[in-house]
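Here are my notes on the model you sent over, in the order I would click through it. Have the viewer open while you read.

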Amino acid sequence: MAITLEEFYEELFQEVHGIADASEQYTEDSFFEIFCSYLVEAGELVTADRAHYVSPRGLRIDGYGGDPTETAGVLSLVISDFNPSSEISTLTATDMKAIFKRATNFLEQSLNEKFRNSLEETTIAFGLADMISARWPSTMKVRIILISNRRLSDRVEGLDAVDLEGIPVTYSIWDITRLHRYVASGEGPEDIVIDLENDFGSGLPVLPAHINDAGYEAYLAVVPGQQLADIYDRWSARLLEQNVRVFLQARGKVNKGLRVSLENTPEMFFAYNNGITATAEGIETRQTSDGLVITKLNNMQIVNGGQTTASIHAASLKKVDLSRVFVQMKLSIIAPEDAIEVVPKISEYANTQNRVTAADFFANHPYHVRIENFSRRLYAPSQDGTFRESKWFYERARGQYQDARGNLTKAQRRRFDLEYPKKQMFTKTDLAKYAMVWRSVPHVVSKGAQKNFAEYASIVESEWEKKADRFNELYYQHAVAKAIIFKSTETLVSNAPWYEGGYRANIVAYAISKLAYDVEQMKMTVDFSAIWRSQALSDEMEHALMIAARHVQEFLVQTPDGIRNVTEWAKQEACWKRIKEFMMSWPRSWISQLISRDEAKKSERTAIKEQKVLNGIEAQTAVFAAGPDFWQELFKWGNTRKLLTPAEQGVLQVAADIPSKVPTEKQSEVALQALRKLNSQGCQLSL
């Protein structure tokens, strides 16, 4: 049953307060963090950096969507409206205009040198204002986004865009109703309905490229460059969300080539460029005297050619004449229920400009499935003074935690909350953050959840291919230990007497990475198993982390010449290089708690052996659960296409004869490998 707006508001309200309490931060900070995570997921923002500033002179800002040089010249500013009431209230037109006015005032004042000089240089507000001023000559567009847990009045029709020194400034509102609609739609964003005839000049002539009875539609088209730029201007990164890579501006050779071609030889762009590969869930067409024309596209996704599209859009913002620019497009119509499996394959096989690896489509990787299984099965040891064991809930897909609670009775929900406390829920991007700080790349972690996750996915994909068994119960326990370290450090920093607010995420990431790096230099390792067993940090560990955090905070705010935005400085490898080279004096009492590499490797070898045994048992269980009919169907599909080896044929025939025949653990593993292989070749059967 779909969750109501009121229920959603209550859950969001409790989540905001729960995270604020657990991480020792203000409710407005946790509200910004939670809300903006949805905006990043929805494609409204590439990243979301907190930058809270309020002035009695009518200025306010709460965050921004990264450096405009990283987002094709688009400056995204976020202003937050958090209502502390437990009941939904209304955001009126007067309220909305006043809130936007405060954000616009901050934007305007950021271009005023006197205002910038009035700010303390170590504050987030100064860093943001300085970045806005420095990037203004290359800024093409400003987007001001209002996030609110109030419900926008039905009487509000919108707010017209304005110009500031020749730069267009647009306004967007995400109120509680819009966020609820986004979440309730199955965690999918609002539909992208592209009305080509009414909104973008004209329909698109196409040639069908499919066989009528193939159960699949495909079309070839030539898209005018200006029309493609206008569509991207309206929907921006939403069009690219199936393609994990983000536009890299004009740094790589491919992008520079696109820019030069657009500016100097636009008539040759079609010949030089590979075009775009796109999908849509549905289209509307009209037959004309000149042939078939697409008039509407529903949920279009550019799965290959994101750089091409964003480059054309950037050229449009620079007033480059696109009248002679045309782009070839291959369009496939993919049903929503097939999109998750088919779209990544289209992108992986089609991409030629910049290779996209399987890591780009990591969401349903067996690594995540295994971590999820561990989290549902393994109890964490009870902490001192308590007798109840609990579990850590790994949310492989957004909303799993709430879904698990949603259909329970009150009594069942109480038991669930004891078994899976909310403070012990963590997501894919959380896991990536916890892991990457221990790989000593805090500058990558500081770039935001999505970019960090993309880096992490690539690393884990490679390691999984080499040795999947290293991702075992011990690995999971250590991952939880890293979560405990990260969360504890957040609380410690928030409560530190020297902490003045701001940059907490960067301080935490760099402090842990500095500790991890120095432990590595000592040829020792942290005893993660001890942290797992106690579900808490020792006093000595907390003391060491606070020493690191204090030094890190001082290094971060001492930015080099030419860089005055601490948040952006923290995203650079040069920042990490400076901090990691600092000679830290660590407490001997903490060093004595470290363990040798040999001891750690011995435990890892034992865990790998145990995982190999577990793999066989799990494989056999999965094969039996699927049933003989499933394996018979799989055998037919693979055999008719001559995709099965003789060994695979024999194993699948055994599985198809359950329970008369019983596949061994080894045979079960072969059956599952065959299933994965056939899935990669287009087979739709799945466990």
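**Notes on the predicted model**

1. Overall picture. The chain's secondary structure adds up to 29 helices and 20 strands. Keep in mind that we are looking at a predicted model. The chain has 687 residues, and 51% of them count as buried. The chain exposes about 32500 Å², with carbon and sulfur atoms supplying 50% of that area. As for the contacts between residues at least 6 apart in sequence, 72% join residues at least 24 apart.

2. How I describe the helix pairs. For two packed helices, the description is the angle between their axes plus the distance between the axes. Three pairs follow, beginning with the N-terminal helix.

3. H1 with H2. Helix H2 covers residues 27-42, and its axis comes within 8 Å of the axis of H1, with a crossing of roughly 120 degrees. An angle of 65 to 115 degrees would count as roughly perpendicular, so H1 and H2 are classed as oblique to each other. Their crossing is right-handed. On the H1 side the contact uses Leu12, Glu15, Val16, His17, Ile19 and Ala20, while H2 brings Thr27, Ser30, Phe31, Glu33 and Ile34. Sorted by class, that makes six nonpolar, three polar and two charged residues in the contact of H1 with H2.

4. H1 with H6. Helix H1 (residues 5-23) also meets helix H6 (residues 176-184): the axes come within 10 Å and cross at roughly 100 degrees. That angle is why H1 and H6 are described as roughly perpendicular to each other. H1 contributes Leu5, Phe8, Tyr9 and Leu12, and H6 contributes Ile176, Thr177, Leu179, His180 and Val183. The contact of H1 with H6 divides into seven nonpolar and two polar residues, with no charged ones. Leu12 is worth selecting in your viewer, since Leu12 is listed in the contact with H6 and also in the contact with H2.

5. H27 with H29. Towards the other end of the chain, helix H27 (residues 628-640) packs on helix H29 (residues 665-680) at an angle of about 50 degrees, and the axes are 11 Å apart. H27 is therefore oblique to H29. This crossing is left-handed. Phe630, Trp631, Leu634, Trp637 and Gly638 are the H27 residues in the contact, and they meet Ala671, Leu672, Leu675 and Leu678 of H29. The class count for H27 with H29 is eight nonpolar, one polar and no charged. If you wonder about the polar entry, Gly counts as polar in this scheme, and Gly638 is among the H27 residues listed.

6. Helix H13. What does glutamate 372 touch beyond its neighbours within four places in sequence? The contacts of glutamate 372 are Tyr394, Arg396 and Gln400. Glutamate 372 sits in helix H13, which runs over residues 366-377. With a relative accessibility of 11%, glutamate 372 counts as buried. Arginine 377 belongs to H13 as well, but arginine 377 is partly exposed, at a relative accessible area of 37%. Between arginine 377 and tryptophan 392 there are 9.6 Å from C-alpha to C-alpha, with the two 15 residues apart in sequence.

7. Backbone oddities to check. Most residues other than glycine have a negative phi, and most peptide bonds are trans. Three places in this chain deserve a look on that account.

   - Asparagine 299 is not a glycine, yet its phi is positive, about 55 degrees. Asparagine 299 lies in the loop between strand E14 (291-298) and strand E15 (301-304). Buried or exposed: which is asparagine 299? Asparagine 299 is buried, its relative accessible area being 15%.
   - Lysine 523, also not a glycine, has a positive phi of about 60 degrees. The loop holding lysine 523 is the one between helix H20 (504-521) and strand E19 (524-525). Lysine 523 is exposed, with a relative accessible area of 56%.
   - Isoleucine 658 and proline 659 are joined by a cis peptide bond with omega about 5 degrees. Proline 659 is in the loop between helix H28 (646-655) and H29.

How values were computed: Residues numbered from 1 in each chain as written. Predicted model: local features only at pLDDT ≥ 70, side-chain atom pairs only at ≥ 80, totals over all residues. Heavy atoms only, no water. Helix = DSSP H or I, 4+ residues; strand = E, 2+ residues; numbered from the N terminus. Buried < 20%, exposed > 50% of the residue type's maximum accessible area, 1.4 Å probe, protein only. Contact = heavy atoms within 4.5 Å. Areas by Shrake-Rupley, 256 points an atom, 1.4 Å probe, with all protein chains shown as cover. Axes fitted to C-alpha atoms, helices over the stretch in contact; angles between N-to-C directions. Parallel < 35°, antiparallel > 145°, perpendicular 65-115°, else oblique. Left-handed = near helix turned anticlockwise from the far one by under 90°.
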